[in-house]
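This report walks through the strands and helices of one chain. Please keep the sequence and the structure in view.

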Amino acid sequence: MTEPDGKPFLYVVVCAAGIAADVGQLIAAAQQLDWEVGVIATPVAASGFFDIAAVEAQTGRPVRSAWRVPGDPRPFPAPVAVVVAPATFNTINKWAAGTADTLALGTLCEAYGLGVPTVVLPCVADALAAHPAYQESLVRLRGMGVRLGDPYSGEVQLDGGRPEFGWERALDLL
């Protein structure tokens, strides 16, 4: 679906990882490509992992993290695409299992059923990524047609820094 101004609408699902503080980079890159953006945060991500007020100012829309009340208008139009970034171990595993106990997970489960293209940029520590359930979840998501970006562990490098998170890679995968 497109906005009245003709722009396609992108949902960005944000999970609770430290790198979430930089989600504005993804929003800015999407807006430069003429997308309208709406952000849906997991409840934990919405508890302080990024600056909600700044994201709302950047998108011109409320950040959503809770279900709307029946009868309330839909705050976002239907998406043309969905990006999950950063995508955590918990969200990836619950989504692959079909759990829809938060707005973010319900949105992801529904996007699959609606055939909405979805991209995931995993942000999972190496120790968690080694877990068999996580590996099986990635296989399931790939089988569902989800496009996966390169894994990002956020592990500290030898020089003490951390590698860049490839926010724009999500848009390349769309």
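## Strand β1 and its partners

Strands β1 (residues 9-14) and β2 (residues 36-41) pair in the parallel sense, over six bridges. This is a predicted model. Within the pairing, Val-12 has Val-39 of β2 as its bridge partner. Helix α1 (residues 23-32) joins β1 and β2 in a right-handed β-α-β unit.

β1 also pairs with β3 (residues 81-87). The sense is again parallel, over four bridges. Here the bridge partner of Leu-10 is Ala-81 in β3.

## Burial of β1

How many of the six residues of β1 are buried? Six of the six are, and the strand is mostly covered. Both of its faces are covered. On one side sit Phe-9, Tyr-11 and Val-13, all buried. On the other side sit Leu-10, Val-12 and Val-14, also buried. Two of these residues have bridge partners given above: Leu-10 pairs with Ala-81, and Val-12 with Val-39.

## The whole sheet

The sheet is open and has five strands. Their order is β2-β1-β3-β4-β5, with parallel pairing. Which strands lie at the edges? They are β2 and β5 (147-148), each of which pairs on one side only. α4 packs on this sheet and touches β1, β2, β3 and β4. The direction of α4 makes about 125° with that of β2.

## Strand β3

β3 pairs with β1 over four bridges. Four bridges also join β3 to β4 (residues 118-122), and these two strands run parallel. Val-82 stands opposite Thr-118 of β4.

Why is β3 described as largely enclosed by the rest of the structure? Seven of its seven residues are buried, so the description follows.

## The loop before β3

Pro-79 lies in the loop between α2 (52-59) and β3. Is Pro-79 buried or exposed? Its relative accessible area is 16%. The cut-off for buried is under 20%, so Pro-79 counts as buried.

Pro-79 and Gly-115 are 36 residues apart in sequence. In space, their C-alpha atoms are 10 Å apart.

## Helices α3 and α4

Two packed helices are described by the angle between their axes and the distance between the axes. For α3 (residues 89-96) and α4 (residues 103-114), the angle is about 45° and the axes are 10 Å apart. That angle makes α3 oblique to α4. The crossing of α3 past α4 is right-handed.

Which residues meet where these helices pack? From α3 come Thr-91, Lys-94 and Trp-95. From α4 come Leu-105, Leu-108 and Cys-109. α4 thus has two sets of neighbours: it meets α3 through these residues, and it packs on the sheet.

How values were computed:
Residues are numbered from 1 along each chain as its sequence is written. This is a predicted model: local features need pLDDT of at least 70, side-chain atom pairs count only at pLDDT 80 or more; totals for chains, interfaces and linings use all residues. Side-chain values use heavy atoms; hydrogens and water are left out. Buried means under 20% relative accessible area, exposed over 50%, partly exposed in between (1.4 Å probe, protein chains only). Two strands pair if DSSP finds at least two bridges between them. A crossover is right-handed if, with the strands pointing away from the viewer, the path from the first strand over the helix to the second runs clockwise. Axes are lines fitted to C-alpha atoms, for helices over the stretch in contact, and angles run from 0 to 180 degrees between N-to-C directions. Angles under 35 degrees count as roughly parallel, over 145 as roughly antiparallel, 65 to 115 as roughly perpendicular and the rest as oblique. A crossing is left-handed if the near helix is turned anticlockwise from the far one by less than a right angle, and right-handed if clockwise. Contact means heavy atoms within 4.5 Å.
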